[in-house]
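Visitor: Please choose a single part of this model and take me through it slowly, explaining each term as you use it.

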Amino acid sequence: MLTLEIDGQTTQIEAGRTVMDAAKQLGIKIPHFCYHRKLSIAANCRMCLVQVEKAPKPLPACATPVAEGMKVQTHSAMAVQAQKSVMEFLLINHPLDCPICDQGGECKLQDVSVGYGGSASRYQEAKRVVSNKDLGPLISTDMTRCILCTRCVRYGQEIAGIMELGVGGRGEHSEILAFMDLTVDSEVSGNAIDLCPVGALTSKPFRFSARSWELTRFPSISPHDGLGTNVEVQVKERTEVVRVLPRKNEAVNECWLADRDRFSYQALHSEDRLLQPQVKRDGQWVQVSWAEALQSVVDGVEKVLHTQGGEAIGALLSPHQTLEELYLAQKLLRELGCHNIDHRTRQADFTLDSLYQGTPWLGLPVAQWSDLRAVLLVGSNLRSEQPLLAVRLRRVARSGAKIHRLGARAEDWAMSIASSAVAKPSEWPGLLAEVLGVVAQRTSKELPAGLLPLVGSSPSEQAQRVATDLLDAAGHGAVILGHQAQHHPDYSTLYYIAQTLAAMVEVPFGQLGVAANSVGAWLAGAVPQRGPLNTHASPGLDAQAMLRQPRQAYFVMGVEPTLDGADPALTLAALQQAQTVVALSAFKGDAENWATVMLPVAPFTETAGTFISMEGRVQAFNGVVPPRGEARPGWKVWRVLGNLFDLPGFNQESIEEIRTEISPDLVKVSAEALHNGLNHAPVVKIRASLGTVERLGEVSGYHADPLVRRSPALQATRLGTEICVTLHPSSAQSMGLVAGQKVRVHQGESSAELVLQLDSSLALGCAAVPTGHPLTAGLGEAMGFIVVEGA
């Protein structure tokens with residue numbers, strides 16, 4: 001530890017730290033623009049100049065390392081004069097347009113100029129003007145305001161992993177440019193808006209919507225990817241959500257937001273919002289009162305109950321709903337004698353349902369991702385599935401951590417990848433078993449008998465490299481299953497191999513959260529084989545079984561069946577043949593094609609609730625605006641239905657009562673319920689390839705849930721518009737197809753027509769055809785067999 005003095009105050013700090021760090025430790029504020037604690041040091045704004053004893057001139061506090069016995073003055077006459085001189089130069093070319101600038105009221109340049117700027121400018125010459133740039137649908141530019149702090153440039157290089165912005169020109173002709181005049185397409189690009197200390201980069205969807213002092217700020221939790229991202233929802237006139245910003249939480253999202261967390265609020269104002277209860281009568285949809293709609297639900301369901309019993313009912317519940325909504329939903333259904341309850345609508349293999357020891361989860365705290373030295377990710381497009389986990393992993397990769405992956409294509413993760421095992425989905429278990437075989441050989445540990453047939457005698461060099469790095473990580477590693485692995489037809493086999501591998505190398509094993517409340521849905525009892533908090537419950541049918549064996553009544557909450565199902569064609573057919581289908585949703589979607597009753601429920605900004613993240617973090621939030629139209633919080637709808645069915649235990653008056661009913665100590669019991677172990681080994685099965693084209697049904701991050709699908713800004717991005725069939729060039733050549741032509745994808749009795757794109761990183765014999773989009777909604781299994789031909 002080194003001892004130094006700043007403004008007469010003595011402190012100790014580690015060697016290698018800077019004067020800025022020491023000043024922050026003492027609570028001394030030094031003005032700055034280019035410095036940011038998460039970025040490398042540039043020292044190009046010069047605003048943080050301070051006086052250091054024995055130094056001939058002021059030094060930048062952000063770039064000056066501390067030394068033993070150093071004495072620093074941050075507000076001496078020399079330091080203040082230097083800071084004021086820097087401010088004068090920064091303001092020479094800056095436009096005086098604060099009254100129309102979206103940054104007004106929260107602008108760092110405004111704040112600092114109050115203390116260090118002059119009352120009038122001595123500069124009389126013509127000011128420099130910089131042309132604006134088109135950076136895409138998310139970021140608006142006013143580049144004349146730019147002070148060239150280069151925060152946005154460094155952010156792209158160091159955090160987003162893509163240098164989409166750079167500095168062009170020299171001297172006063174320097175400016176921030178997008179390479180080749182391209183747009184900024186990173187899935188975390190919006191953070192550049194927060195980093196910009198002036199009004200050069202602002203939010204395009206928010207542009208001219210409100211002034212910062214007009215907004216009321218509320219803490220909330222992101223409703224998307226299961227990370228539990230802490231957000232601040234900003235509301236205008238207490239009725240309209242106009243902006244979402246990050247809340248700092250180093251253990252979760254640090255100070256960043258994924259673009260879908262930031263811009264999906266636009267969906268709240270969508271014309272597709274369901275604002276009035278509706279009932280289908282004689283083939284026509286009729287708007288009715290809540291009392292009529294709920295009575296129609298009761299009448300339809302009781303008719304099925306009286307004729308066929310509770311097992312003729314099924315429930316598909318979205319893992320994006322709150323813990324309280326899911327808990328009351330399963331409570332009502334089980335009281336009615338229905339145990340066919342599930343939230344895993346995209347999952348295909350449910351073999352492990354009777355084997356889980358607890359609730360599947362990430363396997364380690366999110367914060368520990370920053371300490372990993374080796375990772376194996378199976379069946380994951382990490383940048384799309386978990387953008388902010390990718391940020392953490394990118395940082396450890398820069399420090400030398402070994403990132404290995406197994407999947408159907410080697411996507412650009414914008415980080416250094418140690419190895420990529422690329423193969424058709426049917427070959428993933430065999431490749432993963434190769435790594436397991438190498439580890440077993442090197443550790444002299446015995447393999448489970450069921451896995452011996454999968455372990456080859458001559459493992460690849462790649463498998464040996466993965467095994468070496470996991471073993472060398474000495475416990476600071478992880479084996480993680482991504483979304484594609486969880487939706488794989490042989491998910492149980494992949495899970496068993498990966499779990500065994502992690503145990504052998506003594507590192508955590510887990511899986512990425514599919515939705516905002518995937519872990520919470522398990523703990524709420526929204527699964528067929530167990531009740532709340534893993535308590536015993538009579539077994540029922542899983543999400544796919546209740547569609548293959550159609551029920552006569554369905555409750556569908558927050559799910560868009562043709563977009564969120566593992567087999568959209570099967571889902572639609574099952575719903576359309578049912579007598580009663582109750583859709584509880586914030587949006588209409590295509591519910592008119594399959595529902596008999598539509599009930600408008602409030603989205604996350606209009607209701608209170610709890611999300612439990614994939615690491616098991618319990619986070620409650622409150623609604624920030626009143627529900628639109630006649631929409632009601634989902635938990636209130638289930639409570640009233642419980643009363644109309646004359647069921648006991650539905651007299652809760654608040655969200656807190658429901659939370660307490662689940663458990664008085666929810667944090668503790670949730671943590672105790674998390675467990676990725678299995679009671680015994682599953683039957684190992686591997687699907688044969690049959691020599692046909694295998695579909696890789698990827699779910700784009702901008703089509704993964706109802707909110708992001710209805711955000712115009714997100715849908716206008718490159719990631720939102722890229723809906724196409726992707727083939728390896730060799731596969732396309734063998735089929736006589738060329739890039740850019742329209743092709744027809746056949747699956748079962750359905751087909752879809754899309755444009756063909758070629759990608760040499762995709763596995764041979766595999767075609768990437770996205771799910772979760774209307775263009776592919778009629779197709780079947782996300783990882784089934786397909787035929788691709790020219791249109």
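Guide: What follows is a close look at the place where domain 3 and domain 5 meet.

The model is a predicted one, in which local features need pLDDT of at least 70 and side-chain atom pairs count only at pLDDT 80 or more, while totals for chains, interfaces and linings use all residues. Residues are numbered from 1 along each chain as its sequence is written, and side-chain values use heavy atoms, with hydrogens and water left out.

Domain 3 is made of three stretches, 279–289, 315–353 and 516–662, whereas domain 5 runs over 693–790; these bounds come from an automatic or database domain assignment. The C-alpha centres of the two domains lie 29 Å apart. Domain 3 brings 14 residues to the contact and domain 5 brings 18, where contact means heavy atoms within 4.5 Å.

Together the two domains bury about 1,200 Å², with 57% of it on carbon and sulfur atoms; buried area is the accessible area (1.4 Å probe) that two parts lose on being put together, summed over both. Of the area that domain 3 buries against domain 5, 40% comes from Arg-346, Leu-563 and Phe-587, more than from any other three residues.

Charged and polar pairs also cross between the domains. There are 3 salt bridges between domain 3 and domain 5, a salt bridge being a side-chain nitrogen of Lys or Arg within 4 Å of a carboxyl oxygen of Asp or Glu. Arg-709 makes a salt bridge with Asp-564, and their closest N and O atoms are 2.3 Å apart. Across the interface, 5 residue pairs, both at pLDDT 80 or more, are in polar contact, which is a pair of N or O atoms within 3.5 Å; within protein, one must be able to donate a hydrogen and the other to accept it, and residues adjacent in sequence count only if both atoms are side-chain atoms.

On the side of domain 3 that touches domain 5, the elements giving two or more residues are helix H17 (561–564) and helix H18 (568–577), and H17 gives the most, with 3 residues. Helices (H or I, at least four residues) and strands (E, at least two) are DSSP runs, numbered from the N terminus. That side divides into 6 nonpolar, 4 polar and 4 charged residues; Ala, Val, Leu, Ile, Met, Phe, Trp, Tyr, Cys and Pro count as nonpolar, Asp, Glu, Lys and Arg as charged, and the others, Gly among them, as polar.

Asp-564 appears again in the surroundings of Thr-345, which lies in the loop between strand E16 (341–342) and strand E17 (374–378). Leaving aside neighbours within four places in sequence, Thr-345 is in contact with residues including Leu-316, Val-559 and Asp-564. Thr-345 counts as buried because its relative accessibility is 10%; buried means under 20% relative accessible area, exposed over 50%, and partly exposed in between (1.4 Å probe, protein chains only).

For comparison, consider a salt bridge elsewhere. Lys-445 pairs with Glu-506, the closest N and O atoms being 3.9 Å apart. Lys-445 is in the loop between helix H11 (428–443) and helix H12 (461–472), and Glu-506 in the loop between helix H14 (491–505) and strand E21 (509–511), so the pair ties together parts that are 61 residues apart in sequence. Returning to Arg-709 and Asp-564, salt bridges that share partners join them with Asp-272, Arg-346, Glu-560 and Arg-710 into one network.
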